[in-house]
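Hi,

Here is the structure I promised to pass on to you. Have a look around it first, and then read my notes below.

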Amino acid sequence: MAGKANFKIGGLEHLEGQIRSGLSKNGSPSNPIRSAFRQWAFQYLVFTRRRFNTFSRGGGDWRPLAPSTIKSRRKGRGAGSPAILRNTGVLFNALELDATGNIVRYVQNGVQVGIGGPAVHPGGRLTIGQIAALHNDGGQKFLHPPQRKILAAPDASTTAAMVIVMKDAVLRMTKG
């Protein structure tokens, strides 16, 4: 049987444009994929805060505080806190979306989440990001703290939730 079939693919081309726009580092904030990336940042930070909280209390692989560190915290301040990386709460608080020290950057095909920026840690000369990097990566030339990974890969349940968020975003675009 000879013949021709014509298909209009304008809807698919429109969907492709929306997807490309959402994946662009300069995409519109109202784009469903861009919105999904923001939700990913939030979900990742919830995971990271939960992990940080557990690990700071000895529930992970972070090396415990040295006795000298615990003693110096107690000097002149009552009991002090033996929680790891929780003396002032600044690093923990930077793991909240839009908080001082929190960085969310849209990049081609995704989003980057971290701790950085120009905000100086209270009572010090280093920025919140520099202190986070020092602990996340471990000792440097002059300071030698043990590595205490703050920004770790998300767990399976967080990743699964992120997949659902992106599926929902694509479904919203196909309904339009």
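Let's begin with helix H6, where Thr158, Met162, Val165, Met166, Ala169 and Met173 are buried. Those residues take up an arc of only 90° around the axis, so they sit on the same side of H6. Turn to the other side of H6 and you'll find Ala156 and Lys167, which are exposed. What lies over the buried residues of H6? The cover includes H1 and H2. Before going on, please keep in mind that this is a predicted model.

You can also do a quick length check on H6. The helix runs over residues 156-174, and at 1.5 Å a residue its 19 residues should span 27 Å; the C-alpha atoms at its ends are 27 Å apart, so the two values agree.

Now for the two helices that help to cover H6. In general, a pair of packed helices is described by the angle between the axes and the distance between them. Here, helix H1 (residues 10-23) packs against helix H2 (residues 32-56) at an angle of about 35°, and their axes are 7 Å apart. The crossing of H1 past H2 is right-handed. Which residues make the contact? On H1 they are Ile19, Gly22 and Leu23, and on H2 they are Ile33, Arg34 and Phe37. Sorted by class, the contact has four nonpolar residues, one polar and one charged.

Next, try helix H5 (residues 128-137). This helix is mostly covered, with seven of its ten residues buried. The buried ones are Ile128, Gly129, Ile131, Ala132, Leu134, His135 and Asn136. Their cover includes helix H4 (90-93) and strand E2 (110-115). After H5 comes Gly138, which has a positive phi, near 95°.

Speaking of phi, most residues other than glycine have a negative value. Two residues to look up here are Leu85 and Asp98. Leu85 isn't a glycine, yet its phi is positive, near 55°. You'll find Leu85 in the loop between H3 and H4. Is Leu85 buried or exposed? Its relative accessible area is 11%, and buried means under 20%, so Leu85 is buried.

Asp98 also has a positive phi, near 70°, and again the residue is not a glycine. Its place is the loop between H4 and strand E1 (102-107). Asp98 has a relative accessibility of 58%, and the cut-off for exposed is over 50%, so Asp98 counts as exposed. If you'd like a distance to check, the C-alpha atoms of Asp98 and Val170 are 25 Å apart in space, with their positions 72 residues apart in sequence.

I also looked at three arginines. Arg148 is in the loop between H5 and H6. Its relative accessibility is 5%, so Arg148 counts as buried. What does Arg148 touch? Leaving out residues up to four places away in sequence, its contacts are Trp62, Arg63, Pro64, Leu65, Ile84, Leu85, His135 and Asn136. You have met some of these names already: Leu85 is the buried loop residue with the positive phi, while His135 and Asn136 are among the buried residues of H5. As for distances, Arg148 and Gly116 are 32 residues apart along the chain, and their C-alpha atoms are separated by 17 Å.

Arg73 sits in helix H3 (residues 67-74). Its relative accessibility is 8%, so Arg73 is buried too. From C-alpha to C-alpha, Arg73 and Asn87 are 7.7 Å apart in space, and they are 14 residues apart in sequence.

Arg57 belongs to the loop between H2 and H3. With a relative accessible area of 62%, Arg57 is exposed. Its C-alpha atom is separated by 23 Å from that of Thr100, and the two residues are 43 apart along the chain.

If you only have time for one thing, open H6 and compare the side holding its buried residues with the other side, where Ala156 and Lys167 are exposed.

Cheers

How values were computed. Residues are numbered from 1 along each chain as its sequence is written. This is a predicted model: local features need pLDDT of at least 70, side-chain atom pairs count only at pLDDT 80 or more; totals for chains, interfaces and linings use all residues. Side-chain values use heavy atoms; hydrogens and water are left out. Axes are lines fitted to C-alpha atoms, for helices over the stretch in contact, and angles run from 0 to 180 degrees between N-to-C directions. Helices (H or I, at least four residues) and strands (E, at least two) are DSSP runs, numbered from the N terminus. A crossing is left-handed if the near helix is turned anticlockwise from the far one by less than a right angle, and right-handed if clockwise. Contact means heavy atoms within 4.5 Å. Ala, Val, Leu, Ile, Met, Phe, Trp, Tyr, Cys and Pro count as nonpolar, Asp, Glu, Lys and Arg as charged, and the others, Gly among them, as polar. Buried means under 20% relative accessible area, exposed over 50%, partly exposed in between (1.4 Å probe, protein chains only). The expected span of a helix is 1.5 Å times one less than its number of residues. The arc is that of the directions from the helix axis to the C-beta atoms.
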